[in-house]
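This report concerns a single protein model. Its domain arrangement, one helix and two buried side chains are taken in turn.

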Amino acid sequence: MIITSCGNSVKLAKSLAKKLRVKYVPLDIGAFPDGDMYMRFKAKSFKKKKVVIVQSFQPNPDMSLFDVIWAAETAKDIGARKVILVAPYLAFMRQDKRFNSGEAVSSRIMAKLLNKSIDKIITIDPHLHRYKSLKEIFTISAKKLTANPLIGEFVKKKIKNPVILGPDWESYQWADKIASHVGCDSTCLAKTRFSSRRVTSKMTKNVEIKGKNVVIIDDIISTGHTIIEAAKKAKKKGAKSITAIGVHGLFAENAISKMKKYVDWIYTTNTIEHKTSKIDVLPLVLKELKILK
Ligand code: R5P
């Protein structure tokens, strides 16, 4: 087995290679003077090797997809027996239907392209909403890992007297599981989204919020508006403090500074490297790759 990356998740890729005692092979990605992609592995051949590409699809989701396909095809060209993609954060999953006529269903297109070039995909907490399983879009072997136990342990150690709040109905799949791990109450909000940047919400199940340290948990934090709406609700109900935890911190459009007005602490996992990444997903991926080694 050898491990490589297309530029995102390099830290995670190198740590995995070290723990697995396999080689990390750097990949040069550049451009010819006219702008055409140039790519080169710093290896002569991958003869009979399993090649693992560790690449989060943020930042630059479109280029990440393109780079992964180029890297996978090149790896096979120079002898790889199998190409496994570890995409700690898999982009495009939220566009899981045609919301408006003529729109691209990006998740399907992304999966279709990957199905052709890689042999297996491993990802962490993909946004499964209208799809119940990755099998609905991937024909290759697709493994979904979850950071729930890691987040549960983090909350247990770090936050006293917590209550878990899911900012929308979909997030209850995380909120509920994490609450059982911690041994505390959980509820979620019913969110109405009016646009990419405007959402409102109301609480579905009544739990005691007053005087509690509220932990808002979501899979993705993008513009931060979903978290902000939930934080406003929690504050109104008398929360003592508010912590936001996202599996994947995308933090688009100055999300952090907007959220800081309403939230006391923000934490994420390192599926996307960020200064808020205090929850390490390495053990999750390591366990999976050990089986495949
Ligand atoms: C969508 O359903 C996701 O689970 C997140 O709630 C959403 O992507 C968060 O987006 P934003 O931070 O822009 O409100």
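The paragraphs below describe the domains, then two residues, then a helix.

The model is predicted: local features need pLDDT of at least 70, side-chain atom pairs count only at pLDDT 80 or more, and totals for chains, interfaces and linings use all residues. Residues are numbered from 1 along each chain as its sequence is written, and side-chain values use heavy atoms, with hydrogens and water left out.

**Domains.** The protein chain is divided into domain 1 (2-146 + 281-292) and domain 2 (148-270), with bounds from an automatic or database domain assignment. Their C-alpha centres lie 29 Å apart. The contact (heavy atoms within 4.5 Å) takes 13 residues from domain 1 and 14 residues from domain 2. Together the domains bury about 1300 Å², 57% of it on carbon and sulfur atoms; this buried area is the accessible area (1.4 Å probe) that the two parts lose on being put together, summed over both. On the domain 1 side, Y89, D125 and V281 lose the most area to domain 2, together 37% of what that side buries. Seven residue pairs, both members at pLDDT 80 or more, are in polar contact between the domains. A polar contact is a pair of N or O atoms within 3.5 Å; within protein, one must be able to donate a hydrogen and the other to accept it, and residues adjacent in sequence count only if both atoms are side-chain atoms.

**Two buried residues.** H248 lies in strand 13, whereas N270 is placed in the loop between strand 14 (265-269) and strand 15 (277-279). Strands are DSSP runs (E, at least two residues) and helices likewise (H or I, at least four), numbered from the N terminus. Buried means under 20% relative accessible area (1.4 Å probe, protein chains only).

| Residue | Relative accessible area | Side-chain polar partner and distance |
|---|---|---|
| H248 | 1% | side chain of T271, 2.8 Å |
| N270 | 12% | backbone nitrogen of V281, 2.8 Å |

Not counting residues up to four places away in sequence, H248 touches nine listed neighbours, among them Y89, D125 and T271. On the same basis, N270 touches S277, I279, D280 and V281.

**Helix 6.** Helix 6 (residues 225-236) has 12 residues and reaches 17 Å from its first C-alpha to its last, close to the 16 Å expected at 1.5 Å a residue; the expected span is 1.5 Å times one less than the number of residues. H225, T226, I227, I228, E229, A230, A231 and A234 are buried in this helix. These residues pack against elements including strand 13 (241-249) and helix 7 (255-259). G238, whose phi is positive, near 90°, follows helix 6.

Methods: Buried < 20%, exposed > 50% of the residue type's maximum accessible area, 1.4 Å probe, protein only.
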